[in-house]
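Visitor: Could you walk me through this one? I would like short answers that show the reasoning.

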Amino acid sequence: MKKFVIISLASLLMLLPQFGCEKYLDVAPAYTQDADNFFNTPVDYQRALVGAYDLLQGSFVSVWIGEIASDNTIAGGESVTDTKGLHEIDNMSHVAVNQELRNVFRWNYAGITRVNFIMENKNKIDFAGKDQILAQASFLRAFYYFELVKFFGDVPLIVDKRLGADEVTKVERTPKSAVYAQIEKDLAYAASILDWTASEKGRITKGAALSLLGKVYLYQDKFDEAATTLQTVIDQNIYSLIPNFNTLFSVANEGNKETVFDVEYTGTEGGSYGCLICLEGNAGPGFQGIRQYNGPIYGDGNSYNLPTQNLYDAFASNDIRRDATILDIDAFIAKQPNPKNITYAKGAGGHTGYYNNKYIKRIGEIGLPDNDLTSPVNYKVIRYADVLLMAAEANARKSSPDESKALTFVNLVRNRVSMPSISSSGQNLVADIWKERRLELACEGHRFFDLVRTNQAAKEIPGFIAGKHELFPIPQIEIDLAGGNWPQNPNY
């Protein structure tokens, strides 16, 4: 169990990390040491690495925002003041005072601080396997910085050290090009060291590092580099699309051949609403569950992050991904043996009639003690279908397009769900790949960022203002704590 609540960047950069326990990474004892007396044994480095992994558990907020800020879902919930920040993002009315955006900022910097604590002491002792620890830590730092760049653009870049109190007020925002350069450096290092398979479930692998690197290239329009990097992953032949799309997101099917990188959760130990980053379980399924539901298969939840009619209608009626992704609650109830005995409530925060069927509370997948907060369902950050679609896009958009290869990759994804192959070319092919990304990856947290990086956001998202909403505002409290020296993002 985690032992503290994270406050701000100013406190994070000076923080001596404390280390919690993970689902598959067994660490003991449950106490802390001061910095001068730490990193004296290999176990200390392992404990510190687990602490760096720990902040992945806040990914559910990034997933929510990645969908709610787009045309895929609405905020939902009990009322429009229930998690107000999500409703503001939904309406494109968010400003620099927004708790959900601050959580993204501080939680990712917490992860970075824990990695930097390891790197600051990387030469203190030598032992077998240290390179593996440093490689995993490098991946994690790259991941956390990538999240920050996607959300906020230019962010302070701190590498291999923690900052003192005076330094915190002098640190400046770093151009995102330099942050991306560090991300690429960390991922290339991780990929050079790590193996294709991990010794423990949940550990970073070479495939995860290369796949994330390919995505980082894609986000910078470095299509040649993306195509080459992702091809390395594909050519290894260790990942594949599982035949049954309907079983992809179940607890029983964790660690399947399609999983490149996921965040591990457990349903046996939870936190509280007062400290969501303290959770060991995935808050997403409970928050996205059916409000006051009483019936078969599903558990009751909080009706957040509700798919839109627009998303539902984007699917062909014979595309099995539609019902696997989106639960049409009234249609589902009507098909049950005793529909009149099944009840649910509509939240005043909005109701579309649809729920996120990929990440939703199910009766057989409920944790304790508060099962709204302790789902054991893992979040799939990168799966092989995403790798194939990124490779398809990169090949279609690189300096010398390879449309044959692009079609091969996108049609592998379509054929898996018995959808006919496409044969388009040029910009039509690129548009088809983008559409396929929406259908395949819907409700997984990618849509908003895909729309922004492909310059489609102003056309597809109601209320989106070009030149403003491509980035989220830097939390005002973080600007204040850093001495007021950071410029805010444009038009906020």
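Guide: Gladly. Keep in mind that this is a predicted model. Cysteine 443 makes a simple start.

Visitor: Is cysteine 443 buried or exposed?

Guide: Buried means under 20% relative accessible area. Cysteine 443 has a relative accessible area of 1%, so the residue is buried.

Visitor: Which cysteines form a disulfide?

Guide: The structure holds one disulfide. Its S to S distance is 1.9 Å, and the cut-off for a disulfide is 2.5 Å. Both partners are buried. They are cysteine 275 and cysteine 278.

Visitor: What is the handedness of the disulfide between cysteine 275 and cysteine 278?

Guide: Look at the torsion about the S-S bond. For cysteine 275 and cysteine 278 it is about 60°, so the disulfide is right-handed.

Visitor: Now the whole chain. What radius of gyration does the chain have, against that of a compact globule?

Guide: The C-alpha trace spans about 65 × 55 × 45 Å along its principal axes. For 492 residues, a compact globule would come out near 23 Å. The value for the chain agrees with that: 22 Å.

Visitor: How much of the chain is buried?

Guide: The chain has 20 helices and eight strands. Its accessible surface comes to about 18,200 Å², with 50% belonging to carbon and sulfur atoms. Of the 492 residues, the buried share is 61%.

Visitor: What share of the contacts with a separation of 6 or more comes from residues 24 or more positions apart?

Guide: Take the contacts in the chain with a separation of 6 or more. Residues 24 or more positions apart account for 73%.

Visitor: What does helix 5 span, from first C-alpha to last?

Guide: Helix 5 covers residues 99–120, which is 22 residues. At 1.5 Å a residue, 32 Å is expected. The model comes close to that, at 31 Å.

Visitor: How many residues of helix 5 are buried?

Guide: At the start of helix 5, a side-chain oxygen of asparagine 98 reaches to within 3.1 Å of the backbone nitrogen of glutamate 100. The helix is mostly covered. Of its 22 residues, the buried ones number 20.

Visitor: Which side chain makes a polar contact with that of aspartate 71?

Guide: Aspartate 71 sits in the loop between helix 3 (59–68) and strand 1 (73–76). Its relative accessible area is 6%, so aspartate 71 is buried. Beyond four places in sequence, its contacts include Thr308, Arg447 and Glu460. The side-chain polar contact, at 3.5 Å, is with arginine 438.

Visitor: Which backbone oxygen does the side chain of asparagine 282 reach?

Guide: Asparagine 282 lies in the loop between strand 2 (259–263) and helix 11 (283–287). At 3% relative accessibility, asparagine 282 counts as buried. Residues touching it from more than four places away include Phe60, Tyr265 and Tyr379. The oxygen reached, at 3.0 Å, is that of valine 377.

Visitor: One last residue. How far apart in space are isoleucine 479 and glutamine 132?

Guide: Isoleucine 479 belongs to helix 20 (residues 476–481). It is buried, at 5% relative accessibility. Its contacts beyond four places in sequence include Trp486 and Gln488. From glutamine 132, isoleucine 479 is 347 residues away in sequence, and C-alpha to C-alpha the distance is 36 Å.

Key:
Residues are numbered from 1 along each chain as its sequence is written. This is a predicted model: local features need pLDDT of at least 70, side-chain atom pairs count only at pLDDT 80 or more; totals for chains, interfaces and linings use all residues. Side-chain values use heavy atoms; hydrogens and water are left out. Buried means under 20% relative accessible area, exposed over 50%, partly exposed in between (1.4 Å probe, protein chains only). Helices (H or I, at least four residues) and strands (E, at least two) are DSSP runs, numbered from the N terminus. The expected span of a helix is 1.5 Å times one less than its number of residues. A polar contact is a pair of N or O atoms within 3.5 Å; within protein, one must be able to donate a hydrogen and the other to accept it, and residues adjacent in sequence count only if both atoms are side-chain atoms. Contact means heavy atoms within 4.5 Å. The radius of gyration is taken over C-alpha atoms; the globule rule is 2.2 Å times the number of residues to the power 0.38. Accessible areas come from the Shrake-Rupley method with a 1.4 Å probe; for residues, only the protein chains shown count as cover.
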